[in-house]
Amino acid sequence: AEVSCAAVFTETTLNVLGTGPRCSFTNQRQRMMIALGGTPRAKPEDPVIVRDPVLFRIDEVTPGNVQYAVQHQVLMKRQGGDPDLVPVVRLTAPKRVVPCTTITVSSAGTEGSGGRVWS
């Protein structure tokens with residue numbers, strides 16, 4: 001079930017998840033999956049901080065049984081078996097130029113940044 005990342009995580013955590021991250025619970029609602037947004041800065045072992053209070057549990061059988069989680073943090077982990085990101089740099093530029101010509105070099109074909117901006 002998809003939920004608002006902003007409703008669950010602190011601003012500190014949202015800032016590293018990138019623009020427009022998507023958060024959802026697994027079917028058993030025991031794990032939250034985070035799809036990073038554009039230009040994320042998150043990396044393994046960064047802290048993920050949950051807001052205080054966040055709805056933790058509602059018992060559908062007994063609607064009055066509502067529990068909230070207090071603020072806490074866990075370390076970001078990759079899914080088991082996910083490969084390391086290995087950048088593949090591809091630069092394009094004119095093959096020949098005459099002296100004093102302005103040239104443009106493009107890294108548009110480069111892959112493996114994980115959505116991060118190249119610097």
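Contact, as used here, means that heavy atoms lie within 4.5 Å. With that in hand, strand 7 (residues 72–75) offers a good starting point, since Leu75 is found there; strands (E, at least two residues) and helices (H or I, at least four) are DSSP runs, numbered from the N terminus. Leaving aside neighbours within four places in sequence, Leu75 is in contact with Glu45, Asp46 and Pro47. Leu75 also lies 9.7 Å from Lys43, C-alpha to C-alpha, although 32 residues separate the two in sequence. Leu75 counts as partly exposed, at 42% relative accessibility; the scale calls a residue buried under 20% relative accessible area, exposed over 50%, and partly exposed in between (1.4 Å probe, protein chains only).

A word on the model helps before going further. The structure is predicted, so local features need pLDDT of at least 70 and side-chain atom pairs count only at pLDDT 80 or more, while totals for chains, interfaces and linings use all residues. Residues are numbered from 1 along each chain as its sequence is written, and side-chain values use heavy atoms, with hydrogens and water left out.

The sheet comes next. Three strands form an open sheet in the order 1-2-3, with antiparallel pairing; two strands pair if DSSP finds at least two bridges between them. In general, strands of a sheet pair through backbone hydrogen bonds, either parallel or antiparallel. The edge strands here are strand 1 (2–3) and strand 3 (32–35), each of which pairs on one side only. Strand 2 (residues 22–25) pairs with strand 1 over two bridges, and four bridges join strand 2 to strand 3. Within this arrangement, Cys23 of strand 2 stands opposite Val3, and Cys23 also stands opposite Ile34 in strand 3.

Cys23 has a further role to follow, in a disulfide (a pair of cysteine sulfur atoms within 2.5 Å). A search of the whole structure finds one such link: Cys5 and Cys23 form it, with their sulfur atoms 1.9 Å apart. The link is right-handed, with 110 degrees about the S-S bond. Because Cys5 lies in helix 1 and Cys23 in strand 2, the pair ties together parts that are 18 residues apart in sequence. Both Cys5 and Cys23 are buried. Cys100, in contrast, counts as exposed, at 86% relative accessibility.

The two linked cysteines also belong to the largest nonpolar core, which has eleven residues in all, including Phe9, Leu14, Val16 and Met76. A nonpolar core is a set of buried Ala, Val, Leu, Ile, Met, Phe, Trp, Tyr and Cys residues joined through side-chain atoms within 4.5 Å. Helix 1 (5–8), helix 2 (11–17) and strand 4 (47–50) are the elements that give two or more residues to this core. Helix 2 gives the most, with three residues.

Two residues show what these parts touch. Not counting residues up to four places away in sequence, Val16 touches Pro40, Arg41 and Ala42. Thr13 is found in helix 2 and counts as buried, at 1% relative accessibility. With the same positions left out, up to four places away in sequence, Thr13 touches Pro47, Val48 and Ile49.
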